[in-house]
Amino acid sequence: MSDGAISQDEIDALLSGVAIDGLNSSGHVGNGPTYHFDIPTLQTMADALKPKLEENINKTTSVTFTCENPVVEQTNRDHVLSKLPEVVIGINADYNAGVKGSHLYLMAPEFALKIFQLVSSEEASEVDDMVLSVVSEFVATHISAEITEVESKGNASGLGYGTPETLNESKAMIMFPQGDFVLASYPLTYDGNAYTLWECLGGDAAEGITRALGGAVADDTAGLTPVDLGGMNAAAGGAPMGGAMPNMGMGMQQPMGGAMPNMGMGMQQPMGGMQQMGMGMPMGGMGMGMPQNMGVNMGMNVPNVQQLQYPNLQAGLNAGEQGNISLIMDVFMEMTVELGRTKKTIKDILGMGEGTIIELDKLAGEPVDILVNHKKIAKGEVVVIDENFGVRVTEILSPMERVTELN
């Protein structure tokens, strides 16, 4: 069991969005790779989803929203942050079958409250769990439409995604896909008010959907030199690139690497500065006719092909990523205690009244969860202190368990 102390590395990792094991949430090191997406293919998909999104929200709310033309672009975290209000609703629904990768929806709290108001016919002054539940159901319907579109127009099947996790957070706390990613913006209007539903597709998910739709993805050999490509070709059993292989059979006329002493029978200019050899002396098993690919074995223009060495992913953060914990000692964080959870349909929720009993997923006497900014860090038991409820901490989650909760 952990002693409860959070190390400096863990705090720096949380502040920078990097997991403790050196990987970020998408499995890449550092800021992630730079992708080059087939935006026209993804734009075509977004255009096809426009009427379906309009139909979905109108059916959900029983009013008429108008969806304008969506915009698809390649972007990054900093650019998206500049578009967002300070507090946003984030719905994480990562693809995990058929196509895999980060998948995130974003909307302003005002949009979420409007959807809830229209669905429940009740006013809500702030975003609570009921509002988040309604928004999650709405987004899940849109994701299903997206999957249907990809499977019907492409060559993919069995696409799936994880259970949506809906949060009401500061935009700085949202876990965006690492590196470059795709942002699809769906503008919607109702009763003279403009709203936007943003969809973020991580690099792996965007490329997977692009492949399924028959679009182009970045060439895996982009950036390789002719020597690299020659080495790949030779490793595959072909002749090296960059010139024709000279004839090395009996009676060879062309030298290889300069003039050399006579090697004997039928060879006018022997190879590579070798000393004179008699007719009876073998040359590394060379017979009267040499194989065509002998240049590979004798050092002719052979590329230096080495096995790829991966970095140690367990190493800690480097010195440039270290921070000073004293800078955040006065920052307030929301601490909550969760007795338990359950899931209900909107119909069941709207049918609740005084006296309704809600069964939770916790057993009687089971430890309650202690959360900081909605992330579980410890477990405890409920106590009474001077007629007030309190919680006695009984277990601090280990660093590995806390990282798992963050992901």
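Student: Among contacts in the protein between residues at least 6 apart in sequence, what percentage join residues at least 24 apart?
Tutor: The model is a predicted one. The count takes in contacts between residues at least 6 apart in sequence. Of these, the share that joins residues at least 24 apart is 62%.

Student: How many helices and strands are there in the protein?
Tutor: The protein has 407 residues, and 36% of them are buried. Its helices number ten, and its strands number 14.

Student: In which helix is the place of Val-139?
Tutor: The helix in question runs over residues 129-153. Val-139 has its place there, in helix H5.

Student: Is Val-139 buried or exposed?
Tutor: The relative accessible area of Val-139 is 1%. Buried means under 20%. Val-139 falls under that cut-off, so Val-139 is buried.

Student: Leaving aside neighbours within four places in sequence, which residues is Val-139 in contact with?
Tutor: One partner, Ile-91, is 48 residues from Val-139 along the chain, yet their C-alpha atoms are separated by 7.8 Å. With neighbours within four places in sequence left aside, the contacts of Val-139 are Ile-91, Tyr-105 and Met-107.

Student: In E6, which residue is the bridge partner of Ile-91?
Tutor: Strand E3 (residues 87-92) pairs with E6 in the antiparallel sense, over four bridges. In E6, Ile-91 has as its bridge partner Tyr-105.

Student: How many residues of strand E6 are buried?
Tutor: Strand E6 covers residues 103-107 and is mostly covered. In a regular strand the side chains alternate between the two faces of the sheet. In E6, His-103, Tyr-105 and Met-107 point one way, Leu-104 and Leu-106 point the other way, and all are buried. The number of buried residues in E6 is five of five.

Student: Which residue in E10 does Leu-106 stand opposite?
Tutor: E6 pairs in the antiparallel sense with strand E10 (residues 193-201), over four bridges. Opposite Leu-106, in E10, stands Trp-198.

Student: At roughly what angle do the axes of helix H2 and H5 cross?
Tutor: Two packed helices are described by the angle between their axes and the distance between the axes. The axes of helix H2 (residues 39-61) and H5 come within 10 Å. The crossing is right-handed. The axes cross at roughly 145°.

Student: By class, how many nonpolar, polar and charged residues has the contact of H2 with H5?
Tutor: On the H2 side the contact includes Met-45, Leu-49 and Lys-52, and on the H5 side it includes Phe-138, His-142 and Glu-146. By class, the residues are eight nonpolar, four polar and three charged.

Student: Leaving aside neighbours within four places in sequence, which residues is His-142 in contact with?
Tutor: His-142 is found in helix H5. At 1% relative accessibility, His-142 counts as buried. With neighbours within four places in sequence left aside, its contacts are Leu-49, Leu-53, Asn-56, Tyr-105, Tyr-186 and Leu-197.

Student: What kind of aromatic pair do Phe-65 and Phe-111 form, stacked or tilted?
Tutor: The structure holds five aromatic pairs. In the pair of Phe-65 and Phe-111, the centres are 6.3 Å apart and the planes make an angle of 50°. Planes under 30 degrees apart count as stacked, and those over 60 as edge-to-face. An angle of 50° lies in neither range, so the pair is tilted.

Student: How many residues apart are Phe-65 and Phe-111?
Tutor: Phe-65 lies in the loop between H2 and strand E1 (66-67), whereas Phe-111 is in helix H4 (residues 109-120). Phe-65 is buried at 1% relative accessibility, and Phe-111 is buried with a relative accessible area of 1%. The pair links distant parts of the chain, and the separation of Phe-65 and Phe-111 in residues is 46.

Student: Which residues form one aromatic cluster with Phe-65 and Phe-111?
Tutor: Phe-65 and Phe-111 form an aromatic pair. In the cluster they are joined by Tyr-190 and Tyr-195.

Student: Which are the edge strands of the open sheet of four strands?
Tutor: The order in this sheet is E11-E12-E13-E14, with antiparallel pairing. The twist from one strand to the next averages 40°. An edge strand here pairs on one side only, and the edge strands are E11 (335-338) and E14 (388-396).

Technical notes. Residues numbered from 1 in each chain as written. Predicted model: local features only at pLDDT ≥ 70, side-chain atom pairs only at ≥ 80, totals over all residues. Heavy atoms only, no water. Helix = DSSP H or I, 4+ residues; strand = E, 2+ residues; numbered from the N terminus. Buried < 20%, exposed > 50% of the residue type's maximum accessible area, 1.4 Å probe, protein only. Contact = heavy atoms within 4.5 Å. Axes fitted to C-alpha atoms, helices over the stretch in contact; angles between N-to-C directions. Left-handed = near helix turned anticlockwise from the far one by under 90°. Nonpolar A, V, L, I, M, F, W, Y, C, P; charged D, E, K, R; others polar. Pairing = 2+ DSSP bridges. Phe/Tyr/Trp six-rings, centres within 6.5 Å; stacked < 30°, edge-to-face > 60°.
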